[in-house]
Amino acid sequence: MPKIFTPTNQIRLTNVAVVRIKKGGKRFEIACYKNKVVSWRTGAEKDLDEVLQTGSVFTNVSKGEVAKKEDLMKAFGKDDVTEICKEILAKGELQISEKERHDQLESMFKEIATNVADRCVNPETKRPYPVSIIEKSMKDIHYSIKPNRNAKQQALEVIKLLQETIPLERAKMRLKVTLPGKDAKRLKEKVTKLCSPVEAEDWEGDKLVLTCLINPGHFREMDEIVRTDTKGAGVLEVLNLKEIKEGEEVLE
């Protein structure tokens with residue numbers, strides 16, 4: 001494998017992503033391809049050669065200073081470079097520029113706002129807010145991005161915070177619940193308690209079919225009733241993920 005510090009290879013490595021770890025009082029670094037570190041950590045990428053630009057451990061990637069075997073052994077308790085690279089990938093800190101960090105935070109901010117807009121509506125109009133309004137509201141409450149948590153987790157937190165400042169509620173899910181006749185009477189009350197409201201109730205042969213809206217927080221409980229209490233004979237279908245006011249155009 002070519003040495004990293006030759007001028008030709010320095011050009012090739014201008015887009016290098018450095019992952020750094022400190023162990024045994026020393027700094028160790030590996031040179032990775034950008035965007036591949038996150039893919040490796042999430043399990044999307046499993047080929048180490050697709051992640052590492054060079055299979056060496058460095059004390060300083062930019063200067064091409066390769067770590068000594070004795071230092072690796074002392075810090076990691078092994079000198080298997082492949083295994084050490086995997087450990088650094090798993091536990092090390094990805095070094096990025098201030099501009100990249102800023103761009104990542106901006107991108108995550110928008111992703112969180114989009115998640116909130118997708119999950120919520122204005123309770124007065126039953127319509128979703130534009131993403132731009134959610135972004136402005138997040139800025140108004142000075143929401144601070146947490147880079148170590150994903151956008152979906154933070155969106156749920158943001159929803160609770162924004163509910164204190166603007167009219168906002170979780171959009172309801174529209175479900176179709178099919179109950180076998182022998183279980184229908186027994187389970188109908190349990191099911192309808194979770195609905196708000198039941199939009200339609202019909203018998204199709206010997207099966208009771210309910211179309212209803214529920215709060216997303218009740219979905220797991222509804223699923224449990226339909227699956228477990230009917231011993232698998234019931235069916236739960238999601239018709240749409242949020243309540244859409246009649247006449248509203250939905251763009252995918």
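A nonpolar core here is a set of buried Ala, Val, Leu, Ile, Met, Phe, Trp, Tyr and Cys residues joined through side-chain atoms within 4.5 Å. In this predicted model, the largest such core holds 20 residues, and the members that touch the most others are Phe28, Ile30, Cys32, Val57, Phe76, Ile88 and Leu89. Two or more residues apiece come from strands S1 and S2 (26-33) and from helices H2, H3 (48-51), H4 (69-76) and H5 (81-91). H5 chips in the most, with four residues.

Leu89 gives a good feel for how this part is put together. Leaving aside residues up to four places away in sequence, Leu89 touches Val19, Ile30, Cys32, Val37, Trp40, Arg41, Leu48 and Val51. There is also a second, separate core, made up of 19 residues, with Ile112, Ala113, Ala117 and Ile159 among them.

Now for the open space. The largest pocket comes out at a volume of about 930 Å³. Its lining runs to 25 residues, and those nearest the pocket centre are Val38, Leu94, Ile96, Gln104 and Pro147. Strand S1 (16-23), helix H2 (36-42), strand S5 (93-95) and helix H6 (98-119) each put at least two residues into the lining, with H6 supplying the largest share at eight residues. Both domain 1 (16-95) and domain 2 (98-170) take part, each with at least three lining residues. As for chemistry, the lining of this pocket splits into nine nonpolar, eight polar and eight charged residues. S1 and H2 turn up on both lists, giving two or more residues to the largest core and at least two to the pocket lining.

How values were computed: Residues are numbered from 1 along each chain as its sequence is written. This is a predicted model: local features need pLDDT of at least 70, side-chain atom pairs count only at pLDDT 80 or more; totals for chains, interfaces and linings use all residues. Side-chain values use heavy atoms; hydrogens and water are left out. On a 1 Å grid over the protein atoms alone, a cavity is a set of points where a 1.4 Å probe fits but cannot get out, and a pocket is an open set with protein on both sides within 12 Å along at least five of seven lines; lining residues have an atom within 4 Å of a point. Grid points are joined across faces, edges and corners, and a volume is the space filled by probe spheres set on the points. Ala, Val, Leu, Ile, Met, Phe, Trp, Tyr, Cys and Pro count as nonpolar, Asp, Glu, Lys and Arg as charged, and the others, Gly among them, as polar. Domain bounds come from an automatic or database domain assignment. Buried means under 20% relative accessible area, exposed over 50%, partly exposed in between (1.4 Å probe, protein chains only). Contact means heavy atoms within 4.5 Å.
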